[in-house]
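Colleague: I'm at home at the bench, but models like this are new to me. Could you walk me through how to read one?

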Amino acid sequence: MSTRRRSDLSNAHLRYLARQLAVHRRVIGCRWQRLTTGRQALLVLAHLRCGDTYAQLAAGFGIGIATVYRYTREATEVLATLAPNLADAVQTARRLAFAILDGTLLPIDRIAPDTCPVLLQGAQAPRHEHPGPH
């Protein structure tokens, strides 16, 4: 199974997601699932972090592709409910020297409030036009 040879999945992340999935299962009254919450967390993190395909995961965990899809979607929704909203994330990022977004390191250019009031009031940033065909 491809997830066993990967070393970039943190045990802390696995335990955290497994706990959140257990809470979610209790809330929705789920009595039985094919995989435990720990195995579901491993499956989902292998997909999100390592890029394993649904077919690879289905074969590795001995379940169907539709079940892999359902488990991945369920866990992604659980994680999304725990994530801060955009305004809170921007507020937190304002206090940092850098932020990591989707695995990309972003240096933060500290903008003074009087130079860019649109961004600080929560409105959408103006679109930047790029030359060439769209």
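Modeller: Sure, we'll go from the overall layout to helix packing and then to single residues. This is a predicted model, where local features need pLDDT of at least 70, side-chain atom pairs count only at pLDDT 80 or more, and totals for chains, interfaces and linings use all residues. Residues are numbered from 1 along each chain as its sequence is written, and side-chain values use heavy atoms, with hydrogens and water left out.

Colleague: How many helices and strands are there in the protein?

Modeller: Helices (H or I, at least four residues) and strands (E, at least two) are DSSP runs, numbered from the N terminus. Here you get six helices and two strands, and along the sequence they follow the pattern α-α-α-α-α-β-β-α.

Colleague: And how do I read burial and surface?

Modeller: Buried means under 20% relative accessible area, exposed over 50%, and partly exposed in between (1.4 Å probe, protein chains only). Of the 134 residues in the protein, 25% are buried. The areas come from the Shrake-Rupley method with a 1.4 Å probe, and for residues only the protein chains shown count as cover. The accessible surface comes to about 10000 Å², with 57% of that belonging to carbon and sulfur atoms.

Colleague: How do I describe two helices that pack?

Modeller: Two packed helices are described by the angle between their axes and the distance between the axes. The axes are lines fitted to C-alpha atoms, for helices over the stretch in contact, and angles run from 0 to 180 degrees between N-to-C directions. Take α2 (residues 37–50) and α4: their angle is about 85 degrees and their axes are 9 Å apart. That makes α2 roughly perpendicular to α4 (under 35 degrees is roughly parallel, over 145 roughly antiparallel, 65 to 115 roughly perpendicular, and the rest oblique).

Colleague: Which residues of α2 and α4 make the contact?

Modeller: Contact means heavy atoms within 4.5 Å. On the α2 side look for Gln40, Leu43, Val44, His47 and Leu48; on the α4 side, Val68, Tyr71, Thr72, Glu74, Ala75 and Leu79. By class, that's seven nonpolar, three polar and one charged. For the classes, Ala, Val, Leu, Ile, Met, Phe, Trp, Tyr, Cys and Pro count as nonpolar, Asp, Glu, Lys and Arg as charged, and the others, Gly among them, as polar.

Colleague: What is the angle between α1 and α4?

Modeller: About 95 degrees, with the axes 10 Å apart, so α1 is roughly perpendicular to α4. Residues in this contact include Tyr16, Leu17 and Leu21 of α1, and Tyr71, Val78 and Leu82 of α4.

Colleague: Now a single residue: is Thr72 buried or exposed?

Modeller: Thr72 is buried, at a relative accessible area of 4%. Its place is in helix α4 (residues 65–82). Neighbours within four places in sequence aside, Thr72 is in contact with Leu43, Val44, His47 and Tyr54.

Colleague: Where is Leu35?

Modeller: Leu35 lies in the loop between α1 (11–28) and α2, and it's buried, with a relative accessible area of 8%. Not counting residues up to four places away in sequence, Leu35 touches Arg25, Gln40, Leu43, Phe61, Ile63 and Tyr71. From Leu35 to Ile63 you cover 28 residues in sequence and 8.8 Å in space, C-alpha to C-alpha.

Colleague: How many disulfides does the structure hold?

Modeller: You'd look for a pair of cysteine sulfur atoms within 2.5 Å, and there are zero disulfides here. Cys30 is partly exposed at 25% relative accessible area, whereas Cys50 counts as buried at 15%.
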